[in-house]
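Colleague: I am new to this one and would like to know how the labels are earned. Could you take me through the reasoning, one label at a time?

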Amino acid sequence: MLTRRDSYKQTDAKIALLGSRHVGKSAIAVRFLTKRFIGEYDSSQDFTYQFTATIDDDQVNLEILDPGPESTGESSLESRTLWADGLVLVYSITDRKSFEEVRDLHNLLIPFKQKIVVMIVGNKSDLEHERQVSKTEGYSLAEIFKCMFVECSASDGYPKIAEVFHELYREVLKRKKDRRMSLSPRPLRALGKVFRRNSSKNLLLAPGSPSL
């Protein structure tokens, strides 16, 4: 089910698409949300959608940000990164400049690398005859970012586009679980220390002695 942003629904993951103009960010989002390809979009403003997807047999509530034209500037990137759990960094394989703009995001994202999950997407893989960026370059960039990478085509089909969001959600879920696990033992360890301390104190007291 697809709706515009609905504040009362609990969101399992927030995903933002970033990249330069005309790389197909909106086409990717709409293909995932509706399973349709639409070539023309109003890209003059941000749109945030809520979408219920079935991922690994679970009903998952996603918020997806389809940004306006200014999505890679430093201030814009920071606000979207603070909002999101996952980022889809999109370039077109037919536009080297769009690839370089994604590459330039690396240093800007370093402060947020513990918070967010990133996937790099090379869109328009159906336009092989117009390719300016090789798949090898895409994989090399993903190694620099230490993130996932895929080439796909919003115009070609739904399954690979869906897998982008499904895999990103799985990694977001794993990151959240790991974060909870790293935090949860601390109170238990503290409680254990108190219990051991009190137990030792009780052992030192003779039967019938008043408690300290």
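Colleague: What makes Glu167 partly exposed?

Modeller: In this predicted model, the relative accessible area of Glu167 is 24%. Buried would need a value under 20% and exposed one over 50%, so Glu167 falls in between and is called partly exposed.

Colleague: Why do Glu167 and Arg170 count as a salt bridge?

Modeller: Their side chains meet with N and O 2.9 Å apart. The cut-off is 4 Å, so the pair qualifies. Both residues sit in helix H6, 3 residues apart, which means about one helical turn separates them. Salt bridges with shared partners also join Asp56, Glu163, Glu167 and Arg170 into one network.

Colleague: What makes Asp56 and Arg170 a salt bridge?

Modeller: The N to O distance is 2.9 Å here, and a salt bridge needs it within 4 Å. This pair links distant parts of the chain: Asp56 is in the loop between strand S3 (47-55) and strand S4 (58-66), while Arg170 is in helix H6, 114 residues apart.

Colleague: Are Asp56 and Arg170 buried or exposed?

Modeller: Neither word fits. Asp56 has a relative accessible area of 49% and Arg170 has 24%. Partly exposed is the label between 20% and 50%, so Asp56 gets it, and so does Arg170.

Colleague: How do you know that Glu137 and Arg96 form a salt bridge?

Modeller: The closest N and O atoms of Glu137 and Arg96 are 2.8 Å apart, and the limit is 4 Å. Glu137 belongs to helix H5 (residues 135-145) and Arg96 to helix H3 (residues 96-103), so the pair ties together parts 41 residues apart in sequence. Glu137 is partly exposed at 27%, and Arg96 is partly exposed at 26%. In total, the structure holds 9 salt bridges.

Colleague: Let us turn to the rings. How many aromatic pairs are there?

Modeller: There are 5 aromatic pairs in the structure.

Colleague: And why is the pair of Phe32 and Phe165 called stacked?

Modeller: The ring centres of Phe32 and Phe165 are 4.3 Å apart, with the planes at 10 degrees. A pair needs centres within 6.5 Å, and stacked needs planes under 30 degrees apart, so both conditions are met. Phe32 is in helix H1 (residues 25-34) and Phe165 in helix H6 (residues 159-183), 133 residues apart. Together with Phe51, Phe32 and Phe165 form one aromatic cluster.

Colleague: What makes Phe32 and Phe165 buried?

Modeller: The relative accessibility of Phe32 is 1%, and that of Phe165 is 0%. Buried means under 20%, so the label holds for Phe32 and for Phe165.

Colleague: How do you know that Phe47 and Tyr49 are stacked?

Modeller: Their centres are 6.3 Å apart and the planes differ by 25 degrees. Set against 6.5 Å and 30 degrees, the values make Phe47 and Tyr49 a stacked pair. Phe47 and Tyr49 are both buried.

Colleague: What puts the charged end of Lys35 over the ring of Tyr158?

Modeller: One condition is distance: the charged end of Lys35 is 5.0 Å from the ring centre of Tyr158, against a limit of 6 Å.

Colleague: Last, the cysteines. Why is Cys147 called buried?

Modeller: Cys147 has a relative accessible area of 18%, and the cut-off is under 20%, so buried applies. Cys152, at 2%, counts as buried too. The structure holds 0 disulfides.

Technical notes:
Residues numbered from 1 in each chain as written. Predicted model: local features only at pLDDT ≥ 70, side-chain atom pairs only at ≥ 80, totals over all residues. Heavy atoms only, no water. Phe/Tyr/Trp six-rings, centres within 6.5 Å; stacked < 30°, edge-to-face > 60°. Helix = DSSP H or I, 4+ residues; strand = E, 2+ residues; numbered from the N terminus. Buried < 20%, exposed > 50% of the residue type's maximum accessible area, 1.4 Å probe, protein only. Lys NZ or Arg CZ within 6 Å of the ring centre and 35° of its normal. Disulfide = S-S within 2.5 Å.
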